[in-house]
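Here is a walk through one structure, written for someone who would rather be at the bench. Have the sequence and the 3D view open as you read.

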2 protein chains.
Amino acid sequence: MSEPGNGRREVTVSDVAAAAKVSKATAARALGDYGAVSDAVRDRVQRAAEELGYRPNALARTMSTGRSHTLGIVVGDIENPFFAQATRGAADVAVAAGFDLILSNSDEEAAAEAKAIGVQLAKRVDGLLVAPASSIDPTNLRPVVESGRPLVLFDRAVPELEVDTVIAANRTGARRLTRLLLDAGHRRIAFISTIAHDGDYRLGDTLASTSVAERVDGFTATLAEAGVPNADRYVHLNARRDGVEVLVQRILGSAEPATAIIASDSLVALAAFRAARRLGVSIPDELSLVAFDDADWTELTTPGVTVMAQPIHEIGAEAARLLIRRIGGDGAPPVTKVLDQHLVERGSIAPPGRP
Amino acid sequence: MSEPGNGRREVTVSDVAAAAKVSKATAARALGDYGAVSDAVRDRVQRAAEELGYRPNALARTMSTGRSHTLGIVVGDIENPFFAQATRGAADVAVAAGFDLILSNSDEEAAAEAKAIGVQLAKRVDGLLVAPASSIDPTNLRPVVESGRPLVLFDRAVPELEVDTVIAANRTGARRLTRLLLDAGHRRIAFISTIAHDGDYRLGDTLASTSVAERVDGFTATLAEAGVPNADRYVHLNARRDGVEVLVQRILGSAEPATAIIASDSLVALAAFRAARRLGVSIPDELSLVAFDDADWTELTTPGVTVMAQPIHEIGAEAARLLIRRIGGDGAPPVTKVLDQHLVERGSIAPPGRP
DNA sequence: AAACGAATTGAGACCGGTCTCACTCTACGA
DNA sequence: TCGTAGAGTGAGACCGGTCTCAATTCGTTT
């Protein structure tokens, strides 16, 4: 504390070598624990290192070995509980395997994502974990496959790109949720997602996220099977997070108001719940609500929210596992892991009895 | 896609230089945009770089310049919304200033924290953002100040260490919350935190987190001022996150049950709310509940939870700003920024009328 | 036209590790 | 007793940038 020590040059292998009176090569061997060194010398070197406060420079090591023991992860927004959990899952697997994580937020924007990926590549990460902002346009991801570095996508796939991918069984989950509402007697069900989309959704439109696309597919297909015409007009995209409230208001105030809402993620569910509360419409009596993701608060509301839970932690973890395997040299053809979702029934569904 | 390009050696400045028929030094100047280069040559080099698909190696650059343009951040757990928000705040400031972030979770454990810090230092981050697992023991942080790298603490201070720190006005916030309950007529108020502590809390004990310590201080002091004896026996620490329920049960089932709870963070509040729900005790009629942090769900429950909101995003952002200023060479004496909390009143407080 | 200064360029050291290769020294088998 | 395998060590190249310094080119000034 008395001498801040700023500006003091870092201690290097050469310094240690000099102190231990051996060559740089030998010191490096003793410290790096590779090659052959006599016990006596190893001791001497390690003592010297200890004394001088030697701290290895991981960058220099990366320069010569080519391995950085670092993974990059690009998420939409770390504040989104989904990404926070997935990141944690990935981080746990990573540190267990001796890797650490460089984190970037893309805000689901192509430009920010491209920049983030560029930085990660420049930092020579050993591999990249990405929840791609666009499932349609692989431009941002091209540089990483061109760099030869392994890439694993999670939460969303990019059909044009043949790379390892970890996703959830969204279509099945959506069918299940939709069926649940249908069975309760609902016919006018709104599906809400914040995903960006040009204009109103029409059946067959391609969406920027395969996971939302699958949910929409499952939703509209199940509706169609139940004989509900024009299922696509119940799909509401582009919901800005702070705009869900007006959207819900519009949905409920229309000529043929929806009697149930499927929220595509927990943030939308939260906004929808809040909207219903503010508008004075009672859940589930006047409006049924179901959502994807078992956010912690969903059991706290009155009523609790019935949700399709995703193994979010595991999505991140599995993605990291896959990536680390690739880094280890696994050359098998790319795989797509599809993880199951499961239903958690609470009290937010009731028959659509209008008061 | 037809040629995977794996194993292809990275394109370097030398390659570009050769292609552009200039020296390595000149090519580097043209690419790195430093030094003087004629327009003609610059063009030629940049075209060559483009053609070859040159991507700078940030590590090599760091090796010679000594700057990594990377900040390290060590949080308790990125899944904790508090840390997620603070991290986002820091990340935003960081990228705006041209830095990126290496993220580590300490799980509030000394060993994991030490390791994380070690890795970050090895990676030669330009500076470190840490929410220290222990405010008492500066051991883990010593290496970073010894390395001469700037360090900024957030959420908690470490009194023994004179470094920049960003915290919230926790004592004031706690007083305010306590007074609110007192004014409603409560006298037996439980304060619950998950923070680790040896044995039961006694007035004057030092806590591992200054932020919790300040809250406890504010709490007990306010209680004492109101003439409540033995305020310290209402302080419950060591609450394992999944153990809050039994704790609440014990608190409510004792001879002199608490009539109100102050949750030290939103996760505890969540658990407490859930516990009350499961135990069938009604909030606020049978139990008042207030908490720190304005988690998004707190306005969704019935009733909403009255909370002391912290500017979490700003805590992270300000910490990053401070850090970047230090990295820029600011040698002013260390500062401690104290950010204000503000009360958000909802409906979770009522007089302690036992039914 | 000679001299001078600024702009441009090239050669090569350097950052801090790893790793190859050659050399020395010892122990063991033929 | 000699040859040789193998352990232990040192010298120096290398990774891919930056940067210093000297050399060259050019335009001006007098």
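Which side chain is joined to that of A:Gln310 by a polar contact of 3.1 Å? It belongs to A:Gln341. Before going further, keep in mind that this is a predicted model.

## Around A:Gln310

A:Gln310 sits in the loop between β10 (306–309) and α12 (312–327) of chain A. Its relative accessibility is 9%, so A:Gln310 counts as buried. Besides the link to A:Gln341, the side chain of A:Gln310 has a polar contact of 2.7 Å with the side chain of A:Asp293. If you skip the neighbours within four places in sequence, the residues in contact with A:Gln310 include A:Phe82, A:Ala168, A:Asn170, A:Arg215 and A:Ile315.

## A:Thr306 on strand β10

A:Thr306 is part of strand β10 of chain A. Is A:Thr306 buried or exposed? It is buried, because its relative accessible area is 1%. Setting aside residues up to four places away in sequence, A:Thr306 touches A:Leu343, A:Val344, A:Glu345, A:Arg346, A:Gly347, A:Ser348 and A:Ile349, among others. The list also includes A:Leu180, A:Leu289, A:Val290 and A:Ala291. For a sense of scale, the C-alpha atoms of A:Thr306 and A:Thr70 are 39 Å apart, and 236 residues separate the two along the chain.

## Nonpolar cores

The largest nonpolar core has 62 residues, and those touching the most other members are A:Ile192, A:Val248 and A:Trp297, along with B:Ile192, B:Val248 and B:Trp297. There is also a second, separate core of 60 residues, with A:Phe154, B:Ile73, B:Phe82 and B:Phe99 among its members.

Now pick out B:Ile192. Not counting residues up to four places away in sequence, B:Ile192 touches B:His236, B:Ala239, B:Leu247, B:Val248 and B:Ile251, among others. Also on its list are B:Ile261, B:Ile262, B:Ala263, B:Ser264 and B:Val268.

## Where the two chains meet

How much area do chain A and chain B bury between them? The figure is about 5,000 Å², with 53% of it on carbon and sulfur atoms. On the chain A side, A:Leu59, A:Arg88 and A:Leu300 lose the most area to chain B, and together they make up 15% of what that side buries. Chain A puts 58 residues into the contact, and chain B puts in 58 residues.

## DNA strand C

There are 30 residues around DNA strand C, and A:Val13, A:Lys24, A:Ser64, B:Ser23 and B:Thr26 come nearest. Sugar and phosphate make up 60% of the strand C atoms within 4 Å of the protein. Two phosphate approaches are worth a look: a backbone N or O atom of A:Val13 is 2.8 Å from a phosphate oxygen, and a polar side-chain atom of B:Thr26 lies 2.8 Å from a phosphate oxygen. For a base, go to B:Arg29, where a polar side-chain atom lies 2.8 Å from a base nitrogen of strand C.

Two or more residues of the surface near strand C come from each of α2 and α4 of chain A and α2 and α4 of chain B. The biggest share is from α4(A), which gives 5 residues. By class, this surface has 15 nonpolar, 8 polar and 7 charged residues.

## DNA strand D

Of the 29 residues around DNA strand D, the nearest are A:Ser23, A:Val41, B:Val13, B:Lys24 and B:Ser64. Of the strand D atoms within 4 Å of the protein, 61% are sugar or phosphate and the rest belong to bases. A backbone N or O atom of B:Val13 lies 2.8 Å from a phosphate oxygen. B:Tyr54 has a polar side-chain atom 3.0 Å from a sugar or linking oxygen, while a polar backbone atom of B:Ala60 is 3.5 Å from a base nitrogen. Which element gives the most to the surface near strand D? That is α4(B), with 5 residues.

## Backbone oddities

Most residues other than glycine have a negative phi, and most peptide bonds are trans. Against that background, look at the cis peptide bond between A:Thr302 and A:Pro303, with omega about -5 degrees. A:Pro303 is in the loop between β9 (288–292) and β10 of chain A. Another cis bond joins B:Ile283 and B:Pro284, with omega about 5 degrees.

Phi is positive at B:Asp107, near 55 degrees, and at B:Glu108, about 60 degrees. B:Asp107 lies in the loop between β2 (100–105) and α6 (110–122) of chain B, and B:Glu108 is placed in the loop between β2 and α6 of chain B.

Key
Residues are numbered from 1 along each chain as its sequence is written. Chains are lettered from A and ligands numbered from 1 in the order in which they are written. This is a predicted model: local features need pLDDT of at least 70, side-chain atom pairs count only at pLDDT 80 or more; totals for chains, interfaces and linings use all residues. Side-chain values use heavy atoms; hydrogens and water are left out. A nonpolar core is a set of buried Ala, Val, Leu, Ile, Met, Phe, Trp, Tyr and Cys residues joined through side-chain atoms within 4.5 Å. Buried means under 20% relative accessible area, exposed over 50%, partly exposed in between (1.4 Å probe, protein chains only). Contact means heavy atoms within 4.5 Å. A residue is near a molecule or strand if one of its heavy atoms lies within 4 Å of it. A polar contact is a pair of N or O atoms within 3.5 Å; within protein, one must be able to donate a hydrogen and the other to accept it, and residues adjacent in sequence count only if both atoms are side-chain atoms. Helices (H or I, at least four residues) and strands (E, at least two) are DSSP runs, numbered from the N terminus. Buried area is the accessible area (1.4 Å probe) that two parts lose on being put together, summed over both. Ala, Val, Leu, Ile, Met, Phe, Trp, Tyr, Cys and Pro count as nonpolar, Asp, Glu, Lys and Arg as charged, and the others, Gly among them, as polar.
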